[in-house]
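Thank you all for making the time this morning. I would like to walk through one model with you, going from its core to its sheet and then to its charged and aromatic pairs.

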Amino acid sequence: MAFRRGQKTLTPLLFLLCINLLKDKKTGAVNIREKCMCIRASNAVLWRRMTDFNVIDAGPHCYKVQIIIKMGSTSVCLATDSKQGKWLQQCWKRINFNEGKKKRCLQTGKAKRRPKKTKTPQP
């Protein structure tokens, strides 16, 4: 008799525990970006201020390619159809998406300065 009484109280508790475990698995969420990170994009950024960049391809989270430039503690979005944006995308593909070689893209993008012409005195 005591066994049946214990079984009657134990069965609903096990049932509730199983339902709770099943609910926990279904409600577990995965952190996925659902929006584009770049809302406004600038056409140009000073090369010497760039410290790092990220190229995010189009996907289910955003329909367009995004280029995020890090300049110290701030981040700026770069327009993909601008001259700098196209150049960075090409460089990113050229280095085969290697994070360790990103600095090459930032160094070669710097404008090479021409030496100043010295004025020669005219007789």
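Before anything else, a word on contact, by which I mean heavy atoms within 4.5 Å. The model is a predicted one, so local features need pLDDT of at least 70 and side-chain atom pairs count only at pLDDT 80 or more, whereas totals for chains, interfaces and linings use all residues. Residues are numbered from 1 along each chain as its sequence is written, and side-chain values use heavy atoms, with hydrogens and water left out.

With that in place, which residues does Phe 53 touch, if we do not count residues up to four places away in sequence? Its contacts are Ile 68, Ile 69, Leu 88, Trp 92, Lys 102, Cys 105 and Leu 106. Phe 53 also appears in the largest nonpolar core, which has 15 residues, and there Phe 53, Ile 69 and Leu 88 are the ones that touch the most other members. Strand S1 (52–56), strand S2 (66–71), helix H2 (83–94) and helix H3 (102–108) each supply at least two residues of this core. A nonpolar core here is a set of buried Ala, Val, Leu, Ile, Met, Phe, Trp, Tyr and Cys residues joined through side-chain atoms within 4.5 Å; buried means under 20% relative accessible area, exposed means over 50%, and partly exposed is what lies in between, with a 1.4 Å probe and protein chains only. Helices (H or I, at least four residues) and strands (E, at least two) are DSSP runs, numbered from the N terminus. As general background, nonpolar side chains in soluble globular proteins tend to be buried together.

Let me turn to the sheet. Three strands form an open sheet in the order S1-S2-S3, with antiparallel pairing, where two strands pair if DSSP finds at least two bridges between them. S1 and strand S3 (74–78) stand at the edges with a single partner strand each, so one side of each is left without a neighbour in the sheet. From one strand to the next, the twist averages 25 degrees. Between S2 and S3 there are five bridges in the antiparallel sense, and Ile 67 has Leu 78 in S3 as its bridge partner. Helix H2 lies across S1, S2 and S3 and runs at about 95 degrees to S2; for such angles, axes are lines fitted to C-alpha atoms, for helices over the stretch in contact, and the angles run from 0 to 180 degrees between N-to-C directions.

The loop between helix H1 (2–27) and S1 contains Val 45, which is buried, at a relative accessible area of 10%. Leaving out residues up to four places away in sequence, Val 45 touches Met 50, Ile 69, Met 71, Val 76, Leu 78 and Gln 84. Of these, Val 76 is 31 residues away along the chain, with 8.5 Å between the two C-alpha atoms.

Now the charged pairs: how many salt bridges does a search of the whole structure find? It finds two, a salt bridge being a side-chain nitrogen of Lys or Arg within 4 Å of a carboxyl oxygen of Asp or Glu. One joins the side chains of Asp 52 and Lys 102 at 3.5 Å, N to O; Asp 52 lies in strand S1 and Lys 102 in helix H3, so the pair ties together parts that are 50 residues apart in sequence. The side chains of Lys 102 and Glu 99 also meet in a salt bridge, at 3.0 Å, N to O. Salt bridges with shared partners thus join Asp 52, Glu 99 and Lys 102 into one network. Within this network, Lys 102 counts as buried at 4% relative accessibility, Asp 52 as partly exposed at 23%, and Glu 99 as exposed at 52%.

Finally, the structure holds three aromatic pairs. Rings of Phe, Tyr and Trp (its six-membered ring) pair if their centres lie within 6.5 Å, and planes under 30 degrees apart count as stacked, over 60 as edge-to-face and the rest as tilted. The rings of Trp 47 and Trp 87 have centres 5.6 Å apart and planes at 80 degrees, so this pair is edge-to-face. Trp 47 lies in the loop between H1 and S1 and Trp 87 in helix H2, so the pair ties together parts 40 residues apart in sequence.
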